[in-house]
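Dear colleague,

I am passing on the structure below, and I would be glad if you kept it open while you read my notes on what was found in it.

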Amino acid sequence: MPELPEVESVRRGLQAANLRAPVVEVWRSSYKLRVGKSWAEENLDCLKGNVPKDIRRRGKYIVWEFAGPGAEANGLVIHLGMSGRCGVTTAAQPKVVHTHFALRMADDREVRLVDPRRFGGLRAGPLAELMASEPLGALGPEPLDRGFGGAMLAERLGASRRPIRDALLDQEAVAGLGNIYAVEALFAAGIFPMVEAQRLHASAWERLAGTIVTVLQRGIDNGGTTLKDFRNVEGEVGRNQDDLRVYGRADEPCPRCGAALVGFVSGGRSGAYCPRCQPRPRTRLVR
Ligand SMILES: [Zn+2]
């Protein structure tokens, strides 16, 4: 699933396309998008005649601002789900299979969402309303914003009895972090992924906050991680999969100490850790 660095790569690609011509047509396939089902109405037609402005990101969501006919800004929220891809094409280009959304601009370019598994989501409406309501309203702090740090993490997760890796995936605690980058950040911080969150000390939270920022930033610099589906706006794969230290590398030697990495599954999601660099604490383990 695209995490913060992948969504950020898509955001940058859309921003670089410099889409500034007004929206002349909104096209939507007849298929439901699964994430979107739990949201309010998609309401995409409100974008017609709007002028595209800045494209931001909140957690794993793209938030595109539009100037509408009124004083209030409109917004379009795009969630890429598992396999969603955004691209910019000419309007004349035939839609590829699994295209579910196309926004045509007056300069004859189209932004399209292709999503074979349809786990993505779309929603448009007044920007302020979108930011305050589901799913954006409940999101936790952005890890790449100023002010993010160990104290903030400890405040949000320090009472949790869940394994730290699982706790980190809670989007209301930290926005945008998913399994791959959580597993990588825990390795870099030398923290056993299944230790109860409440057992971490202030120094560990501080270290972890630092490595979360490092692995996310590296992911962005590498253009995202492509394990299977992820492509940027140009249709290219990311490079961060070659830079992962432990994720997907169970049984391979630890890049730091050479010990065999150990695979684990928790909450239905797999990961890996180094038994020497991320030692299992001696008492009160979470299974
Ligand atoms: Zn090691």
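The helix α1 has 13 residues and reaches 18 Å from its first C-alpha to its last, which is close to the 18 Å expected at 1.5 Å a residue. Please keep in mind, here and throughout, that this is a predicted model. α1 is mostly covered, since 10 of its 13 residues count as buried, and among these buried residues are Leu 4, Pro 5, Val 7, Val 10 and Leu 14, together with Glu 6, Glu 8 and Arg 11. What do the buried residues of α1 pack against? Their partners are the strands β2 (51–58), β3 (61–67), β5 (85–90) and β7 (109–114), along with the helices α6 and α7. After α1 comes Asn 18, which has a positive phi, near 55 degrees.

The helix α7 (202–221) can be checked for length as well. Its 20 residues should span 28 Å at 1.5 Å a residue, and the C-alpha atoms at its ends are 29 Å apart, which agrees. The buried residues of α7 include Trp 205, Leu 208, Ile 212, Val 215, Leu 216 and Ile 220. When you look at that list, it may help to remember that an α-helix has 3.6 residues a turn, so residues three or four places apart point the same way. What covers the buried residues of α7 includes α1 (4–16), α4 (150–157), α5 (164–168) and α6 (179–189), so that α1 and α7 appear in each other's surroundings, as the partners of α1 include α7. Following α7 is Gly 223, whose phi is positive, near 75 degrees.

Gly 176 is a good residue to look at next, and it is found in the loop between α5 and α6. Is Gly 176 buried or exposed? Its relative accessible area is 0%, and because the cut-off for buried is under 20%, Gly 176 counts as buried. Leaving aside residues up to four places away in sequence, Gly 176 touches Glu 3, Leu 4, Gly 59, Lys 60 and Gln 171, and of these Leu 4 is also one of the buried residues of α1. The C-alpha atoms of Gly 176 and Leu 216 are separated by 9.4 Å, although these two residues are 40 residues apart along the chain.

Taking the chain as a whole, it is divided into domain 1 (4–132) and domain 2 (150–273), and the C-alpha centres of the two domains lie 28 Å apart. The contact between them takes 19 residues from domain 1 and 18 residues from domain 2.

Next comes the metal site. Which protein atoms are the donors of the zinc ion? They are the SG atoms of Cys 254, Cys 257, Cys 274 and Cys 277, lying 2.2 to 2.4 Å from the zinc ion, and along the chain these donors follow the spacing C-x2-C-x16-C-x2-C. The site is tetrahedral, with angles of 100 to 114 degrees among its 4 donor atoms; for comparison, the ideal angle for four tetrahedral donors is 109.5 degrees. Two of the donor residues can be described by how accessible they are: Cys 254 counts as buried, at 4% relative accessibility, whereas Cys 257 is partly exposed, with a relative accessible area of 28%.

The loop between α7 and β9 (262–266) holds Asn 232, which counts as buried at 14% relative accessibility. A polar atom of the side chain of Asn 232 lies 2.8 Å from the backbone nitrogen of Glu 234. Asp 251 lies in the loop between α7 and β9 too, but Asp 251 counts as exposed, at 67% relative accessibility.

Some backbone details are also worth a careful look. Asp 251 has a positive phi of about 80 degrees although it is not a glycine, and His 98, again not a glycine, has a positive phi of about 75 degrees. His 98 is placed in the loop between β5 and β6 (99–105) and is partly exposed, with a relative accessible area of 36%. Finally, Glu 134 and Pro 135 are joined by a cis peptide bond, with omega about 0 degrees, and Pro 135 lies in the loop between α3 (127–132) and α4.

With best wishes

Notes. Residues are numbered from 1 along each chain as its sequence is written. This is a predicted model: local features need pLDDT of at least 70, side-chain atom pairs count only at pLDDT 80 or more; totals for chains, interfaces and linings use all residues. Side-chain values use heavy atoms; hydrogens and water are left out. Donors are N, O and S atoms within 2.8 Å of the metal (3.2 Å for Na, K and Ca); water is not among the atoms, so sites may look incomplete. Four donors count as tetrahedral if all angles lie between 85 and 135 degrees; four count as square planar and six as octahedral if opposite donors are over 155 degrees apart and all others between 65 and 115; anything else is irregular. Buried means under 20% relative accessible area, exposed over 50%, partly exposed in between (1.4 Å probe, protein chains only). Helices (H or I, at least four residues) and strands (E, at least two) are DSSP runs, numbered from the N terminus. A polar contact is a pair of N or O atoms within 3.5 Å; within protein, one must be able to donate a hydrogen and the other to accept it, and residues adjacent in sequence count only if both atoms are side-chain atoms. The expected span of a helix is 1.5 Å times one less than its number of residues. Contact means heavy atoms within 4.5 Å. Domain bounds come from an automatic or database domain assignment.
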